[in-house]
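Please open the structure in your viewer and keep the selection tool at hand. The tour proceeds one selection at a time.

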Amino acid sequence: MQRIRSLRTGWQLLKSSCEGAAKQVNSSPSTSRYYSHLPPQGSGSFGLLFDIDGVLVRGRTLIPAAKQCFRNLVDSNGKYKVPVVFVTNAGNCMRQTKAEHLSHLLEVEVSPDQVVLSHSPLRMFTQFHKMRVLVSGQGPIEEVAHNLGFQDVVTIDMLREAYSLLDVVDHDRRPKDSIPSSKGLPPIDAVILFGEPIRWETNLQLIVDVLHTNGNPDDAWSSMRYPHIPVLACNMDLLWMAEAKNPRFGHGMFLVCLESLYKKVTGYDLKYEALIGKPSVVTYNYAELLISQQAERLGWTTPVKRLYAIGDNPMSDIYGANLYNHYLQASQRSKAQMQAKSGGGGVGPLAETKMTSAELGGASVVFGAEEDLPEGCSSILVCTGVYSRNRQELPSEQRVFHGHRDFRFDPSLTQPSFVVEDVKDAVELVFQQEGWPLE
């Protein structure tokens with residue numbers, strides 16, 4: 001199986017891709033109007049990373065504190081005072097659509113370059129872009145895949161139509177009367193899991209077929225076809241918060257089902273080429289780049305020193321922010337060691353923090369120290385979503401791990417830097433910490 005050997009090349013590709021998008025954005029007067037603020041004298045520079053579900057909205061309902069919060073984040077002309085990026089594990093739409101939806105709800109301008117969806121970092125996985133990929137999820141996933149750079153896309157519905165005998169759980173959808181012949185699609189080279197699908201039984205069956213036949217679902221299953229073709233998954237959230245009193249199943253639950261079925265049928269573990277979205281490091285890398293580009297448009301001449309990630313899910317938002325903070329701290333130590341040894345080596349961040357390939361997002365080597373990374377990332381937990389002060393919590397050593405199978409259960413990573421009631425309190429706390437006036 002082809003592995004991602006280094007994030008350095010991917011990071012440069014990602015950076016050039018984002019910079020190209022930024023140039024297009026900068027050419028638009030309607031967007032440049034929203035960035036024009038310098039840090040107050042004597043204060044530091046920082047950026048805000050907002051989760052969406054459970055922080056700003058519950059399902060389709062806006063959390064009341066969110067609108068007031070964003071009124072405080074822009075001046076009387078609607079210009080942002082600090083860089084803001086929305087980092088969500090949702091992935092069933094285009095960035096433009098999500099930006100327009102947020103603009104409507106929050107009544108402030110949100111541009112697509114302020115939005116990081118769970119699948120956004122797939123732009124940098126260019127080694128898969130020319131492959132024939134099977135995509136699973138809901139919404140305009142074929143359009144999303146093409147927008148990310150994938151050129152040859154097959155959906156579950158297209159696969160089901162080509163091989164009509166594969167999907168038989170629902171008796172009403174089985175072929176009637178005569179048995180149709182298979183159309184015979186070219187082999188599938190990789191599988192992209194964007195988010196939870198609508199018909200889980202259909203998606204689970206056909207994905208297992210594809211993995212167990214080396215991309216040729218009309219062939220007989222064979223245990224000799226292992227390791228299977230590459231699988232890239234976005235959004236590992238086991239649970240998420242909508243209008244219901246209790247959390248709902250997320251794409252992470254679908255992944256648990258797929259992993260269990262594949263192991264039960266084959267005896268082997270399902271392997272991921274990449275796990276993308278929070279809490280993987282690559283997602284925060286992507287968001288940090290967008291924060292830095294916004295800081296430049298604000299006219300800031302010094303790099304952003306601190307990030308504040310505001311979320312409601314300890315096993316996703318808080319775990320991810322803390323994991324990225326560990327990475328940033330290790331990067332700082334590595335640069336100091338490199339400088340002390342005059343370029344003679346030093347311990348890299350991956351070695352110091354013992355991060356797994358899964359935690360980095362599928363890469364085994366971190367990108368170079370020449371990047372102006374922030375000094376740290378603080379995690380802020382709000383009580384309006386998955387986490388609630390009213391919900392009975394077990395001690396950390398007894399707590400069930402809701403994170404992905406391939407991530408370590410480190411209880412310390414689920415402990416936030418701060419706990420506040422809602423997003424408005426979170427922003428007020430950050431401004432107080434940084435010595436910025438809110439008004």
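The stops below cover a helix, a strand, a pair of helices and a single residue.

The model is predicted, so local features are described only where pLDDT is at least 70 and side-chain atom pairs only at pLDDT 80 or more, while totals for chains, interfaces and linings use all residues. Residues are numbered from 1 along each chain as its sequence is written, and side-chain values use heavy atoms, with hydrogens and water left out.

**Helix α8**

Select residues 251-266, helix α8. Helices here are DSSP runs of H or I with at least four residues, strands are runs of E with at least two, and both are numbered from the N terminus. The expected span of a helix is 1.5 Å times one less than its number of residues; for the 16 residues of α8 this gives 22 Å, which agrees with the 22 Å between its end C-alpha atoms.

Now colour the buried positions (under 20% relative accessible area, with exposed over 50% and partly exposed in between, for a 1.4 Å probe and protein chains only). Among them are His 251, Phe 254, Leu 258 and Tyr 262. The buried residues of α8 pack against several elements, including β6 (132-136), β8 (190-193) and α7 (200-212). Just after α8, select Gly 267, whose phi is positive, near 85°.

**Strand β6**

Move next to β6, where 5 of 5 residues are buried. In a regular strand the side chains alternate between the two faces of the sheet. Arg 132, Leu 134 and Ser 136 lie on one side of β6, Val 133 and Val 135 on the other, and both faces are covered.

Add residues 152-155, strand β7, which runs parallel to β6 and is joined to it by 4 bridges; strands pair if DSSP finds at least two bridges between them. Arg 132 has Asp 152 of β7 as its bridge partner.

**Helices α3 and α13**

Select residues 64-73 (α3) and 423-434 (α13), which pack at an angle of about 30° with axes 7 Å apart. Because angles under 35 degrees count as roughly parallel, α3 is roughly parallel to α13. Their contact (heavy atoms within 4.5 Å) involves Ala 65, Ala 66, Gln 68, Cys 69 and Leu 73 of α3, and Val 423, Lys 424, Val 427 and Phe 431 of α13.

**Leu 429**

Finish on Leu 429 in helix α13. Is Leu 429 buried or exposed? Leu 429 counts as buried, because its relative accessibility is 17%. Leaving aside neighbours within four places in sequence, Leu 429 is in contact with Ile 380, Phe 418 and Val 420. Ile 380 is 49 residues away along the chain, and the two C-alpha atoms are separated by 9.4 Å.

Note on methods
Axes are lines fitted to C-alpha atoms, for helices over the stretch in contact, and angles run from 0 to 180 degrees between N-to-C directions. Angles under 35 degrees count as roughly parallel, over 145 as roughly antiparallel, 65 to 115 as roughly perpendicular and the rest as oblique.
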